[in-house]
Amino acid sequence: MPDIVLTTLNAKYIHAAFGLRYLLANLGPLRERARIVEFDINQRVLDIAEVLLAQNPKIIGLGIYIWNVTPATELVATLKRLRPDVIVILGGPEVSYETEQQEIVRLADHVITGEADLKFAEVCGQLLESRFPTRRDADEDTELKRAGSEIGAPPKIIPAPLPNFSQLALPYEFYNDDDVAHRVIYVEASRGCPFTCEFCLSSLDVPVRAVALDRFLDEMQKLLARGVRQFKFVDRTFNLNMATSRAILEFFLARHQPGNFYHFEMIPDRLPLELRAIIAQFPAGTLQFEVGVQTFNEHVGGLISRRQNHTRLEENFRFLRSETGVYIHADLIAGLPGESVESFAAGFDRLVALRPQEIQVGILKRLRGTPIARHDAEWEMVYNPHPPYEILQNKLIDFATMQKLRRFARHWDLVGNSGNFVETTPLIWAGGGSPFACFLRWSEWLHARAGRGDGIALARLMEWLFEHLTHEQRGDPQLVAEALWRDYQRGGRNDKPAFLRGYLPGDSQPRTRVPRLRAKRQARHWVAD
Ligand code: B12
Ligand code: SF4
């Protein structure tokens with residue numbers, strides 16, 4: 001039975017908890033007395049508590065993030081009710097700030113804030129090797145309370161000093177064979193970000209620290225040898241240090257095998273020639289870049305302390321789309337202070353024109369600890385007090401409109417990002433006009449028709465798209481049917497949905513005779529040649 005159980009609730013089973021593996025790797029002599037036991041947020045709290053307590057640990061270390069803080073709070077309450085003697089230590093970004101306001105912090109024995117790779121080992125050592133009363137004892141016993149620090153127990157809130165990579169053991173051996181076979185493997189060549197975007201937690205992490213390249217690449221070599229094919233870099237800004245980015249890309253290119261896939265988070269306005277040359281050599285679909293655009297509005301960028309060069313950004317997108325096989329996932333945020341719907345719409349249209357394969361429309365969140373809160377009064381920012389703390393309304397976007405944007409984001413995921421409607425999606429604005437406005441019209445139409453944006457079967461969604469495009473937008477049924485059918489077949493399916501019959505070439509009885517149509521920009525409807 002382990003004395004220390006390291007645990008968390010991941011967002012989904014496929015996401016392995018990388019942070020816990022760092023803590024385990026750096027436990028030193030205590031490593032043999034520790035074990036990682038992971039869950040995901042879809043599991044029941046009582047079942048999780050049962051598994052954890054069956055290990056009979058002395059210490060439970062629990063990783064807290066925005067996606068798990070709600071069930072984790074219930075979990076800590078349950079654990080402490082059943083086994084008050086088990087010491088619960090929290091850590092992770094969600095409990096690294098604003099600790100005084102959080103119920104989960106109140107329930108736990110200790111919280112280590114920040115990067116706890118080394119501090120967790122130190123605190124566990126103190127707690128296991130010395131016979132300190134627990135904080136709870138001290139809280140309940142006035143004698144002990146008065147003694148305070150004299151009793152030597154670690155305080156409730158323990159800030160971890162920033163470690164350097166040279167001090168850290170790397171954690172990659174703690175991905176087990178099951179992880180390698182079934183889960184996303186996260187890797188990290190650097191920590192911290194030099195930029196200061198106020199909505200982002202990483203803007204607080206200074207300074208940037210990089211792992212020694214040879215050590216890191218040795219570990220990547222071992223992972224490749226173990227059969228890892230998909231590497232997801234969690235570095236905040238992979239293209240910060242050109243020499244390092246280049247060396248890492250060259251390393252993977254030299255060892256590339258079909259099926260390998262590499263994901264990087266990039267800033268969009270920094271892609272010098274030397275990096276371009278190597279990126280262009282990767283086969284199509286093997287590199288994925290997550291590129292934060294967030295806003296095209298200079299004024300808003302200034303307000304949130306995020307500056308980017310839009311000309312260079314556009315050039316880089318054009319290069320990536322025309323000369324490389326990179327899959328671009330671009331992020332935009334709706335609800336930023338100073339950004340109206342019109343401004344967001346213009347940014348969305350500008351991004352659509354750059355043709356990234358995916359656009360993630362994120363609704364602004366007020367993450368704990370982030371400086372975006374300084375705009376609350378001036379921009380009348382109203383956030384949901386519950387995780388993930390999304391904006392409900394602000395001075396420029398009222399609640400009803402924000403709801404529309406929320407639906408827009410969900411429907412865009414369903415249609416624009418899903419990969420199921422690659423050819424059909426552009427037809428939504430093929431009649432001319434702004435992609436944002438046209439998609440918003442479709443989104444609201446779908447909302448009225450379906451009531452909700454999730455749980456819609458693919459065939460039903462196709463049928464609604466067909467109906468909307470041909471009736472509401474007066475598109476050519478044959479053209480729409482053909483696009484939908486090609487999209488459907490691209491997913492490896494060939495059972496022709498009934499509503500398409502009669503509209504496709506080769507169908508025995510065409511339902512209508514339609515002229516060849518073309519989409520004309522700025523026209524209200526699609527027009528015939
Ligand atoms: C991988 C990842 C995810 C994965 C989930 C991973 C999982 N395990 O389930 C996915 C892609 C699903 C995801 C989604 C989201 N994410 Co995310 N994600 C990350 C990312 C890129 C990497 C995390 C990581 O492994 N880091 C490296 C390790 C070493 O660091 P760490 O995890 O922070 O761990 C250290 C400390 O936190 C601490 N620690 C961690 N656990 C424990 C436990 C104990 C006991 C102790 C003492 C200490 C401790 O010590 C560790 C070592 O130093 C981070 C950004 C980043 N680079 O960290 C964002 C990040 C964690 N995500 C964030 C956000 C906001 C989101 C989203 C809301 C984004 C969105 N646009 O919707 C969603 C929410 C998902 C949902 N379902 O609701 C924020 C977190 C804010 C918060 N308060 O939790 C981060 C920090 C990004 C940011 N810069 O703002 N995410
Ligand atoms: S949004 Fe990106 S560039 Fe800005 S602080 Fe966060 S990680 Fe850095």
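Here are some exercises on this predicted model, each followed by a worked solution.

**Exercise 1. The chain as a whole**

Work out how many helices and strands the chain has, and judge its compactness from its radius of gyration.

*Solution.* Start with the secondary structure: the chain holds 18 helices and 18 strands. Next, take the radius of gyration, which is 26 Å. The globule rule gives 24 Å for 529 residues, and the two values are close, so the chain is as compact as a globular protein of that length. To finish, lay the C-alpha trace along its principal axes, where it spans about 90 × 50 × 45 Å.

**Exercise 2. Two packed helices**

Describe how helices α15 and α16 pack, and name the residues that make the contact.

*Solution.* Two numbers are needed here. The packing of two helices is described by the angle between their axes and the distance between those axes. For α15 (residues 399–417) and α16 (residues 435–450), the angle is about 95 degrees and the axes are 9 Å apart. Angles of 65 to 115 degrees count as roughly perpendicular, and α15 and α16 are therefore roughly perpendicular to each other.

Now find the residues in the contact. Helix α15 contributes Lys404, Leu405, Arg407, Phe408, His411, Trp412 and Val415. From α16 come Phe436, Phe439, Leu440, Trp442, Ser443, Glu444, Leu446 and His447. Sorted by class, the contact has 9 nonpolar, 3 polar and 3 charged residues.

**Exercise 3. The surroundings of ligand 1**

Find which residues come nearest to ligand 1, and list its polar contacts with Tyr65, Leu201 and Ser202.

*Solution.* There are 39 residues around ligand 1, and Ala11, Tyr65, Glu94, Asp117 and Ser202 come nearest. Take the polar contacts one at a time:

- Tyr65 places a polar side-chain atom 2.5 Å from an oxygen atom of ligand 1.
- Leu201 uses a backbone N or O atom, 3.4 Å from an oxygen atom of ligand 1.
- Ser202 has a polar side-chain atom 2.8 Å from a nitrogen atom of ligand 1.

Then look at the elements: α1 (18–25), β3 (59–63) and β4 (87–91) each give two or more residues to the shell. The largest share, 5 residues, comes from α1. By class, the shell has 21 nonpolar, 10 polar and 8 charged residues.

**Exercise 4. The surroundings of ligand 2**

List the residues around ligand 2 and sort them by class.

*Solution.* The residues are Cys193, Phe195, Cys197, Phe199, Cys200, Ser202, Ser203, Arg236 and Arg306. They divide into 5 nonpolar, 2 polar and 2 charged.

**Exercise 5. Backbone details in two loops**

Locate Pro388 and Asn56, and describe the backbone geometry there.

*Solution.* Pro388 sits in the loop between β15 (382–383) and β16 (391–393). A cis peptide bond joins Pro387 and Pro388, with omega about 5 degrees. Asn56 lies in the loop between α2 (45–54) and β3. Its phi is near 50 degrees, a positive value in a residue other than glycine.

How values were computed
Residues are numbered from 1 along each chain as its sequence is written. Chains are lettered from A and ligands numbered from 1 in the order in which they are written. This is a predicted model: local features need pLDDT of at least 70, side-chain atom pairs count only at pLDDT 80 or more; totals for chains, interfaces and linings use all residues. Side-chain values use heavy atoms; hydrogens and water are left out. Axes are lines fitted to C-alpha atoms, for helices over the stretch in contact, and angles run from 0 to 180 degrees between N-to-C directions. Helices (H or I, at least four residues) and strands (E, at least two) are DSSP runs, numbered from the N terminus. Angles under 35 degrees count as roughly parallel, over 145 as roughly antiparallel, 65 to 115 as roughly perpendicular and the rest as oblique. Contact means heavy atoms within 4.5 Å. Ala, Val, Leu, Ile, Met, Phe, Trp, Tyr, Cys and Pro count as nonpolar, Asp, Glu, Lys and Arg as charged, and the others, Gly among them, as polar. A residue is near a molecule or strand if one of its heavy atoms lies within 4 Å of it. A polar contact is a pair of N or O atoms within 3.5 Å; within protein, one must be able to donate a hydrogen and the other to accept it, and residues adjacent in sequence count only if both atoms are side-chain atoms. The radius of gyration is taken over C-alpha atoms; the globule rule is 2.2 Å times the number of residues to the power 0.38.
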